[in-house]
Amino acid sequence: MNRGEQPDMPAVAALLAERMADLSRELAGDPSGRTRTALRFGTRGSLAVEIAGAKRGSWFDYEAWQGGDALALVAHLRGGAIVDAWRWALGWLGIREGSEHRAASSRPTAPQARSPEPRPLAGTLDLARTIWREAMAADAPGSLVPVYFAARRMALEAGAPLRFHPSCPRGAERRPALLALMTDATTGEPCGVHRTFLLPDGSAKAHPGANGEPAKMMAGRAGLVRLVPDADVTMGLGLAEGIETALSVMQGYGWRPVWAATSAGMVRAFPVLRGIEHLTIFADADGAGMVAAEECAARWADAGCGADIITAPPGQDFNDTLRSRAA
């Protein structure tokens, strides 16, 4: 950049990323939580701002389902056009504003909804976004999630991406439901919502619907439920098919961290993740569950990582054994 010239939008975004912690506090106030690499803002911590590590300078708003770079964060929180965000950022960085032509000619970096799903799932992705925004915190007054978990001898896991919807759509009817945010296994970006429909008193899962709708359904694309944040995952990780199984393993057996894959297919396809040296799969003992676990473990072993499979006693799952121990 020559003397007298101002940095273009990508360059400004890079400069802002270097001061991401200060920038986010300037725009959003005091954080409501933090991890090793990110600050969380809002009463539910729905705005995640990466301040360190490989993703420094990026952000994602789980309420609005929008994300982007540091300059896009300015536009997202201040409102207005991206060129206005660029001008504000120049002042905040202490750089005198240059010509409007230079800003206008730069490639726009406005925040965009991130959707890794293929086109055929666009409708269900919209449903996922809608019901996630409508839902309340899992521990909010009136939520049936603590009731459902207590009936299964489990408790809410602090920081888990779980919510409660009092009237969630299931086909043509509506039912109370436990919602879990599903994320892409590799990028960690939201890709859908897992729904567990409950009885009106929350004591158990709902019965099949009038047209055979199951107690558990997905909206969007299948993904992982990161019951423990990435920052708390170091060299080892546990993987279970169901949310209840993962929570039972962590709370009943003291083994953590564990993520929920939400389906046997996701267990089978679970990728080898950089930085994780050992994977322990808590497998459902049915045929599909074991086949998926064995294929996943073999792939991790082929990649030079450790991989173990642990199963519950025959005819039971890990929540069954937890409840029998507590009886």
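This section describes two sets of paired strands and a serine-containing loop in a predicted model.

Strands β13, β12, β14 and β15 form an open sheet, in that order, and their pairing is parallel. The edges are taken by β13 (258-260) and β15 (306-311), each of which pairs on one side only. On average, neighbouring strands of this sheet are turned by 25° against each other, direction ignored. Within the sheet, five bridges connect β12 (residues 236-240) with β14 (residues 278-283) in the parallel sense. Ala 240 has Phe 282 of β14 opposite it. The sheet is also contacted by helix α8 (residues 243-253), which packs on it and touches β12, β13 and β14. The direction of α8 makes about 170° with that of β13.

The loop between β13 and α9 (264-269) contains Ser 263. A polar atom of the Ser 263 side chain lies 3.1 Å from the backbone nitrogen of Met 266. When residues up to four places away in sequence are not counted, Ser 263 touches Met 218 and Glu 241.

Antiparallel pairing is found among strands β1, β2 and β3. Strand β1 (residues 33-34) and strand β2 (residues 38-41) are joined by two bridges, and the hairpin between them passes through three residues. Arg 34 has Leu 39 of β2 as its bridge partner. Strand β2 also pairs with β3 (residues 47-50), here over four bridges. In this second pairing, Leu 39 stands opposite Val 49 of β3. Leu 39 is thus placed opposite Val 49 and is also the bridge partner of Arg 34.

Key
Residues are numbered from 1 along each chain as its sequence is written. This is a predicted model: local features need pLDDT of at least 70, side-chain atom pairs count only at pLDDT 80 or more; totals for chains, interfaces and linings use all residues. Side-chain values use heavy atoms; hydrogens and water are left out. Two strands pair if DSSP finds at least two bridges between them. Axes are lines fitted to C-alpha atoms, for helices over the stretch in contact, and angles run from 0 to 180 degrees between N-to-C directions. Contact means heavy atoms within 4.5 Å. A polar contact is a pair of N or O atoms within 3.5 Å; within protein, one must be able to donate a hydrogen and the other to accept it, and residues adjacent in sequence count only if both atoms are side-chain atoms.
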